[in-house]
Amino acid sequence: QVQLVESGGGLVQAGGSLRLSCAASGSIFSIYYMGWFRQAPGKEREFVAAIRWSGSSTYFADSAKGRFTISGDNAKNTVYLQMNSLKPEDTAVYYCAAQKRGVGRYDQWGQGTQVTVSS
């Protein structure tokens, strides 16, 4: 199993920035991809960004392209989501997730961190 703990959420004005962190522990060796998802009130959870754990391949939702970056620090077993030019529609609970090798889906989840963007 992989344990994930997010941090860095908060309240920010539109146009501001936040950096989310996700610290992983447990069976780190089994991680293939790390991703960020978000869920706004009344909406389904949606993909935001992902990074291959060993390597630099990154992937972004259209809503995140050009504003968000994802990076990883394997020495700290931590993944970051830098969010710039935030908009009120970015308000959501942000979840970190891990996809283990051979699983094909994200099946390890953190508890989530609230991001609120005021207009």
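**Close-up 1. D90, a buried acidic residue with two partners.** In this predicted model, D90 has a relative accessibility of just 1%, so it counts as buried, the cut-off being under 20%. Look at what its side chain meets: R67 is one partner, and the two join in a salt bridge with 2.7 Å from N to O. R67 sits in the loop between β6 (58–60) and β7 (68–73), while D90 sits in the loop between β8 and β9, so this pair ties together parts that are 23 residues apart in sequence. Is R67 buried or exposed? Like D90, R67 is buried.

**Close-up 2. R38 reaching D90.** Here's another salt bridge to D90, this time from the side chain of R38, at 2.9 Å from N to O. R38 belongs to strand β4 (residues 31–39) and D90 to the loop between β8 (78–83) and β9 (92–100), so the bridge ties together parts that are 52 residues apart in sequence. R38 has 6% relative accessibility, so it counts as buried too.

**Close-up 3. E46 and the salt-bridge network.** Which residue does E46 form a salt bridge with? The partner is R38, and the closest N and O atoms are 2.6 Å apart. E46 has a relative accessible area of 34%, so we call E46 partly exposed. Put the pieces together and you get a network of salt bridges linking R38, E46, R67 and D90. If you search the whole structure, you'll find four salt bridges.

**Close-up 4. A sheet of four strands.** Follow the strands across this open sheet and you'll read the order β1-β3-β8-β7, with antiparallel pairing. At the edges are β1 (2–7) and β7, each pairing on one side only. On average, neighbouring strands here are turned by 20° against each other, ignoring direction. As a bit of background, strands of a sheet pair through backbone hydrogen bonds, in either a parallel or an antiparallel way.

**Close-up 5. Where β7 meets β8.** How many bridges join β7 and β8? There are six, and the two strands pair in the antiparallel sense. To get your bearings, find D73: it stands opposite T78 in β8.

**Close-up 6. S21 and its surroundings.** S21 is part of strand β3 (residues 18–26). With 15% relative accessibility, S21 counts as buried, because the cut-off is under 20%. So who's around it? Setting aside neighbours within four places in sequence, S21 is in contact with V5, E6, S7, W36, T78, V79 and Y80. You've already met one of these contacts, T78, as the residue opposite D73.

Definitions and conventions. Residues are numbered from 1 along each chain as its sequence is written. This is a predicted model: local features need pLDDT of at least 70, side-chain atom pairs count only at pLDDT 80 or more; totals for chains, interfaces and linings use all residues. Side-chain values use heavy atoms; hydrogens and water are left out. Buried means under 20% relative accessible area, exposed over 50%, partly exposed in between (1.4 Å probe, protein chains only). Contact means heavy atoms within 4.5 Å. Two strands pair if DSSP finds at least two bridges between them. Axes are lines fitted to C-alpha atoms, for helices over the stretch in contact, and angles run from 0 to 180 degrees between N-to-C directions.
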